[in-house]
Amino acid sequence: MKADIILHTDGGARGNPGPAGAGIVMEDASGAAIKKFSKFLGVRSNNWAEYEAVFLGLSEVKKFYGLKAKTMKIEVMLDSELVARQLRGEYQIKEPTLYPQFIKVHNLMVKNLPNVSFLNVPREKNGGADTLANEAMDKGE
């Protein structure tokens, strides 16, 4: 089944931890951009920022589509293999700071967005979100 919404998310930190940012590109099924945004996240780790980008993107889908979001198929594309695999339940979460991030995303999905899948993609296929995350880090530094 084809996704109704494609979310490209990226989080990064300069230094680990360091100034962190998140970038999100929301697209419709045809690949046309619906919304793009970024956010400075303060001093965080790279993986924490990746989780926050996923959370911000999914929260925006919920806000943008309201109740309709519950029936939509959402594909999240991120270049963090660790975070994608943790969200798919393939990897355990060993870093204590990431567990609350995982729970935050998980709870949002259970309550509001039951049809979400996570795809690990190469960084070059996630360029828009990567650029936005870097812009957010630039603003915060």
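The following legends describe close-up views of a predicted model.

**View 1. The nonpolar core and its most connected members.** The largest nonpolar core holds 34 residues, and those touching the most other members are L58, I74, V76, V105 and F118. At least two residues of this core are supplied by each of β1, β2, β3, α1 (46-65), β4 (74-78), α2, α3 and β5 (116-120). Helix α1 provides the largest share of this core, with nine residues.

**View 2. The surroundings of V76.** V76 is among the core residues that touch the most other members. When neighbours within four places in sequence are left aside, V76 is in contact with L7, T9, V54, L58, V116, S117, F118 and L119. Two of these partners, L58 and F118, are likewise listed among the residues that touch the most other core members.

**View 3. Helix α4 and its buried side.** Helix α4 comprises 14 residues, 127-140. At 1.5 Å a residue this helix should span 20 Å, and its end C-alpha atoms are indeed 20 Å apart, so the expected and modelled spans agree. The buried residues of α4 are A129, L132, A133, A136 and M137. These residues lie on the same side of α4, because they cover an arc of only 140° around the axis. The elements covering the buried residues of α4 include the strands β1 (5-13), β2 (18-28) and β3 (33-44).

**View 4. Q101, a buried residue of helix α3.** Q101 lies in helix α3, which runs from residue 99 to residue 112. The relative accessible area of Q101 is 5%, so this residue counts as buried, the limit being under 20%. The side chain of Q101 makes a polar contact with the side chain of E52 at 2.9 Å. Apart from neighbours within four places in sequence, the residues in contact with Q101 are W48, Y51 and E52.

**View 5. E95 in the loop between α2 and α3.** E95 is found in the loop that lies between α2 (81-87) and α3 (99-112). With a relative accessible area of 40%, E95 is partly exposed, because this value falls between the 20% limit for buried residues and the 50% limit for exposed ones. A polar contact of 3.1 Å joins the side chain of E95 to the side chain of T97. E95 and W48 are 47 residues apart along the chain, and their C-alpha atoms are separated by 9.7 Å. W48 is also one of the residues in contact with Q101.

Methods
Residues are numbered from 1 along each chain as its sequence is written. This is a predicted model: local features need pLDDT of at least 70, side-chain atom pairs count only at pLDDT 80 or more; totals for chains, interfaces and linings use all residues. Side-chain values use heavy atoms; hydrogens and water are left out. Helices (H or I, at least four residues) and strands (E, at least two) are DSSP runs, numbered from the N terminus. The expected span of a helix is 1.5 Å times one less than its number of residues. Buried means under 20% relative accessible area, exposed over 50%, partly exposed in between (1.4 Å probe, protein chains only). The arc is that of the directions from the helix axis to the C-beta atoms. Contact means heavy atoms within 4.5 Å. A polar contact is a pair of N or O atoms within 3.5 Å; within protein, one must be able to donate a hydrogen and the other to accept it, and residues adjacent in sequence count only if both atoms are side-chain atoms. A nonpolar core is a set of buried Ala, Val, Leu, Ile, Met, Phe, Trp, Tyr and Cys residues joined through side-chain atoms within 4.5 Å.
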